[in-house]
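Biologist: Please take me through a single part of this model in close detail, and state the cut-off behind each term as you reach it.

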Amino acid sequence: MVVVGAGMAGVQTAVALREQGYEGPVTLLGAEPHPPYDRPPLSKAVLLGTADGSAFDVDFEGLGIGLRLGVAVTGVRPAEHLVDTDAGPVPYTALVLATGADPLALPGTQDHPAVHVLRTLDDATRLRPVLADRRTVVVVGAGWIGAEFATAAREAGCHVTVVEAAERPLAGALPAEAAEPMAAWYAEQGVELLTGVAVSRVEDHGVRLADGRLLPADAVVVGIGARPATGFLAGSGIALDPHGAVLADGVLRASVPDVYAVGDCASFPSARYGRRLLVHHWDNALQGPRTVAAALTGQEPDPYDPVPYFWSEQFGRFVQYAGHHAPEDLLVHRGDPHSAAWSLCWLSPAGALRAVLTVGRPRDLTQGRKLIASGAPLTPSLVADPTVPLKSATA
């Protein structure tokens, strides 16, 4: 078994193969030279210098997992069962693609020394002096990573401005009812948020906006999204979806024999939501490997159809989201979104809970996640009452 990608999805796949009884050779290929590590601490403890790393507590040698680091994959030849790398070809009996996603670059800034992204341990290491010296920082993009970085930078004492081309934060992820209250969080923490304005270019001493303004900046951090890291699959015959993710089936098999895909680089069909999902979050990278390992060890796993889940720590708040919502779902408020603790629930036309967003209400998240999985219909008026436990809102 060869696993490409030594992040959460790849490591968990290798470990799950052993846990589920596979005794043959397992090789884990990682492009980075560092021992495999967890990514969430990068935007918190590692960035702020309170931790030097976040290596996984996995005994690779003891598990008999061959770890090859600093090896970049350049292609796959399914007909020959070979993975091409910059260190030579690697044969496989079965291949698992767990290459994650690459951050989108701001056009024209790829080689600019003051422009940063935050995806890898090296990225966080390069940004630590910026925070330690309390520099002036411009963040491009008011998404999840932009908000988390801005939080850390303010905690370190930096002057921070966040620029968002859309009219509100998280415009691509949440409706206005959810995102607009979050805009106030920036000002509360002393962060200037500029919305509805695009970046024209990065200059020597700052960021030039499309309206002509120049924002002074010692460093620019770009958080405008990510795309599946699948460019090396060009010409392989492995089918990709319109987003560039590996087109996986219900047990995360790719379109060619003996190849699977898991985590940020794969999309999968969801019977629960009636559509294909591409989930760029930690929990998906943790859960999917169990399905892949079961399929590879000759079991018959249930179709992979999790309730997606993620969390974000920003501006002194713990934000959690479970599920997947669509425009046709009914949005129900639980509590005042301008208060310290509130939730939003999305109900299907039949009344089933489809998704829940919580701010400081962890019980709503725990109960809501179970209700989403069960598909039980709820009474909207009870859902809207924050004094009623969600589990008691069943119709």
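Modeller: What follows concerns the parallel sheet, a helix packed in its neighbourhood, and one residue of a sheet strand.

The model is predicted, and so local features are described where pLDDT is at least 70, side-chain atom pairs count only at pLDDT 80 or more, and totals for chains, interfaces and linings use all residues. Residues are numbered from 1 along each chain as its sequence is written, and side-chain values use heavy atoms, with hydrogens and water left out.

The setting is residues 2-285, which an unreviewed UniProt entry annotates as "domain: FAD/NAD(P)-binding"; such annotations may be inferred rather than shown by experiment, feature names are shortened, and the positions are in the numbering used here. This span is 21% helix and 28% strand, with its end C-alpha atoms 17 Å apart; helices (H or I, at least four residues) and strands (E, at least two) are DSSP runs numbered from the N terminus.

The sheet is open and has five strands in the order β9-β16-β10-β11-β12, with parallel pairing, where two strands pair if DSSP finds at least two bridges between them. Its edges are β9 and β12 (192-195), each of which pairs on one side only. Strands β10 and β11 (residues 159-164) are joined in the parallel sense by five bridges, and V137 stands opposite V160 in β11.

Helix α4 (residues 121-132) has 12 residues, and the distance from its first C-alpha to its last is 17 Å, close to the 16 Å expected, the expectation being 1.5 Å times one less than the number of residues. Its buried residues (under 20% relative accessible area, with exposed meaning over 50% and partly exposed lying in between, for a 1.4 Å probe and protein chains only) are L121, D123, A124, L127, V130 and L131. They line one face of α4, because they fall within an arc of 150° when seen down its axis, the arc being that of the directions from the helix axis to the C-beta atoms. In general, an α-helix has 3.6 residues a turn, so residues three or four places apart point the same way. The cover over the buried residues of α4 includes three strands of the sheet, β9 (115-116), β10 (136-140) and β16 (219-222), along with the helices α2 (45-48) and α5 (144-155). After α4 comes R134, whose phi is positive, near 55°.

Returning to β11, E164 has its place in that strand, and it counts as buried because its relative accessibility is 15%. Not counting residues up to four places away in sequence, E164 is in contact (heavy atoms within 4.5 Å) with G141, A142, G143, L194, T195, G196 and V197. The C-alpha atoms of E164 and V197 are 6.3 Å apart, although 33 residues separate the two along the chain. A polar atom of the E164 side chain also lies 3.0 Å from the backbone nitrogen of A166, a polar contact being a pair of N or O atoms within 3.5 Å in which, within protein, one must be able to donate a hydrogen and the other to accept it, while residues adjacent in sequence count only if both atoms are side-chain atoms.
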